[in-house]
Amino acid sequence: MCPSAMALTNDDEFQKGVKHLFENGVSKLPNKYILPVSDRPKVDKEHPNATKSSLKLPVIDFAELQGPNRSEVLNSLSSACEEYGFFQVVNHGIPIEAIRSMIDVSTRFFGLPYEERTKYMSSDMTSPVRYGTSLNQRKDSVFCWRDFLKLVCHPLSDVLPHWPSCPMDFREVAATYARETKWLFIRITEAILESLGLWGATTEEKTEEDDEILKQFHDGSQLMVVNCFPPCPEPDLTLGMPPHSDYGFLTLLLQDEVEGLQIQYKGKWITVEPMPNSFVVNVGDHLEIFSNGRYKSVLHRVFVNPAKPRLSVASLHSLPFNCMVGPSPKLIDQVNPRRYKDTDFATFLEYISSCEPKKKNFLESRKLT
């Protein structure tokens, strides 16, 4: 039986992931991955060479944030969070070697034999390491063309022994990368809090309350998700990830040079052009709640292609798992009444365990009417 026929008839094959299908030479997209027509990426059959809309996101020069132009950069940051919910960070201070090593070791992990990767397969959402496919492979009615490795990163000393021991340098490289992205997250969060008028960069402007919120972020949750999108035989029928927003405070995304990320901007899907040695940063649901709706978490999705494998590393950051997230009291007044209920990570896990997470449904469930 040819691999594509085998994949079409045996549901167990899908549980093994798309890398496994690709390695077995699947030449036709199995029905399990075919989206309803209305959910498919729109491919212009009439004009296949027409360029799809692409976008250079607002660029935040991190080095400028540390210099005399800080207030101008904060204004750019604020408008990026309000208008796009996304921005790119350059001159971020993370060594290029740490970035290259993370992409390299992740590529080698997904290049391991299936039997080695599958040691980390688990449906336990609280597991410190989890290899899987699609979004929620126990619940998804249609699978997306993506495999992933999820690594809980805090507290690092507790979780590190559970991380993959193969490739041999995986733990060391991934731990270094996790520490670096945590540092960058804290610096960006300081700037975001300052742009909302909630934190002062100088000692005179700071209050104990300001320092307390930053301390919570220092002790906050960090989840690293390494995404693998192998070449797909019929990419116009499926997606690497369906439209969704991220649940945390901020996500720092490292992508290789292959296009795939799209954001919804003014009702259209726009492709984000990869920029070497930069991070794509997006507002998560928690920041939308915390800012009382001033900064928006934005729908994004991933399309796949027939020729090139794509790899990305998302680092999702928020407050500690047991913390309640609600609108900052300083951002609520008569003109801007409270728009969201308080929420915590447990509520989110319960929500996604009980249904297929679609679009911004979780955030919608937290809104006050």
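Buried means under 20% relative accessible area, exposed means over 50%, and partly exposed lies in between, with a 1.4 Å probe and protein chains only. This is a predicted model: local features need pLDDT of at least 70, side-chain atom pairs count only at pLDDT 80 or more, and totals for chains, interfaces and linings use all residues. Residues are numbered from 1 along each chain as its sequence is written, and side-chain values use heavy atoms, with hydrogens and water left out.

**Exercise 1. Classify K266 and N277 by accessibility, and give the phi of each.**

Solution.
- Locate K266: the loop between β9 (261–265) and β10 (268–272). Helices (H or I, at least four residues) and strands (E, at least two) are DSSP runs, numbered from the N terminus.
- Apply the cut-offs. K266 has 70% relative accessibility, so K266 counts as exposed.
- Read the backbone. The phi of K266 is near 50°, which is positive although the residue is not glycine.
- Locate N277: the loop between β10 and β11 (279–283).
- Apply the cut-offs again. N277 has 35% relative accessibility, so N277 counts as partly exposed.
- The phi of N277 is near 55°, again positive in a residue other than glycine.
- Background: most residues other than glycine have a negative phi, and most peptide bonds are trans.

**Exercise 2. Find which residues are joined by the cis peptide bonds with omega of about -5°.**

Solution.
- One cis bond joins H154 and P155, with omega about -5°. P155 sits in the loop between β5 (147–152) and α8 (156–159).
- Another joins C166 and P167, with omega about -5°. P167 belongs to the loop between α8 and α9.

**Exercise 3. Check the length of helix α9 against its expected span, and state how much of α9 is buried.**

Solution.
- Take the rule: the expected span is 1.5 Å times one less than the number of residues.
- Count: α9 covers residues 170–195, which is 26 residues.
- Compare: its first and last C-alpha atoms are 37 Å apart, close to the expected 38 Å.
- Check burial: 19 of the 26 residues of α9 are buried, and the helix is mostly covered.
- Look past the end: α9 is followed by G197, with a positive phi near 80°.

**Exercise 4. Describe how α6 packs on α9, by distance, angle, handedness and residues.**

Solution.
- Start with α6 itself. Its 15 residues should span 21 Å, and its end C-alpha atoms are 22 Å apart, which agrees.
- List buried positions in α6: among them are A98, S101, M102, V105 and F109.
- An α-helix has 3.6 residues a turn, so residues three or four places apart point the same way.
- Set up the geometry. Axes are lines fitted to C-alpha atoms, for helices over the stretch in contact, and angles run from 0 to 180 degrees between N-to-C directions.
- Read the values: the axes of α6 (residues 96–110) and α9 come within 9 Å and cross at roughly 135°.
- Name the class. Under 35 degrees counts as roughly parallel, over 145 as roughly antiparallel, 65 to 115 as roughly perpendicular, and the rest as oblique. The pair α6 and α9 is therefore oblique.
- Assign the hand: α6 passes α9 in a left-handed crossing. Left-handed means that the near helix is turned anticlockwise from the far one by less than a right angle, and right-handed means clockwise.
- List the contact, where contact means heavy atoms within 4.5 Å. A98, S101, M102, V105 and F109 of α6 meet F170, V173, A174 and Y177 of α9.
- Sort this α6 and α9 contact by class: 8 nonpolar, 1 polar and no charged residues. Ala, Val, Leu, Ile, Met, Phe, Trp, Tyr, Cys and Pro count as nonpolar, Asp, Glu, Lys and Arg as charged, and the others, Gly among them, as polar.

**Exercise 5. Repeat the analysis for α5 and α9.**

Solution.
- The axes of α5 (residues 70–83) and α9 come within 9 Å and cross at roughly 85°.
- The two helices α5 and α9 are therefore roughly perpendicular.
- R70, L74, L77, S78 and C81 of α5 touch A191, I192, E194 and S195 of α9.
- The classes in the contact of α5 with α9 are 5 nonpolar, 2 polar and 2 charged.

**Exercise 6. Decide whether E288 is buried or exposed, and give its C-alpha distance to G85.**

Solution.
- E288 is in helix α11.
- At 1% relative accessibility, E288 counts as buried.
- E288 and G85 are 203 residues apart in sequence, with C-alpha atoms 9.3 Å apart.
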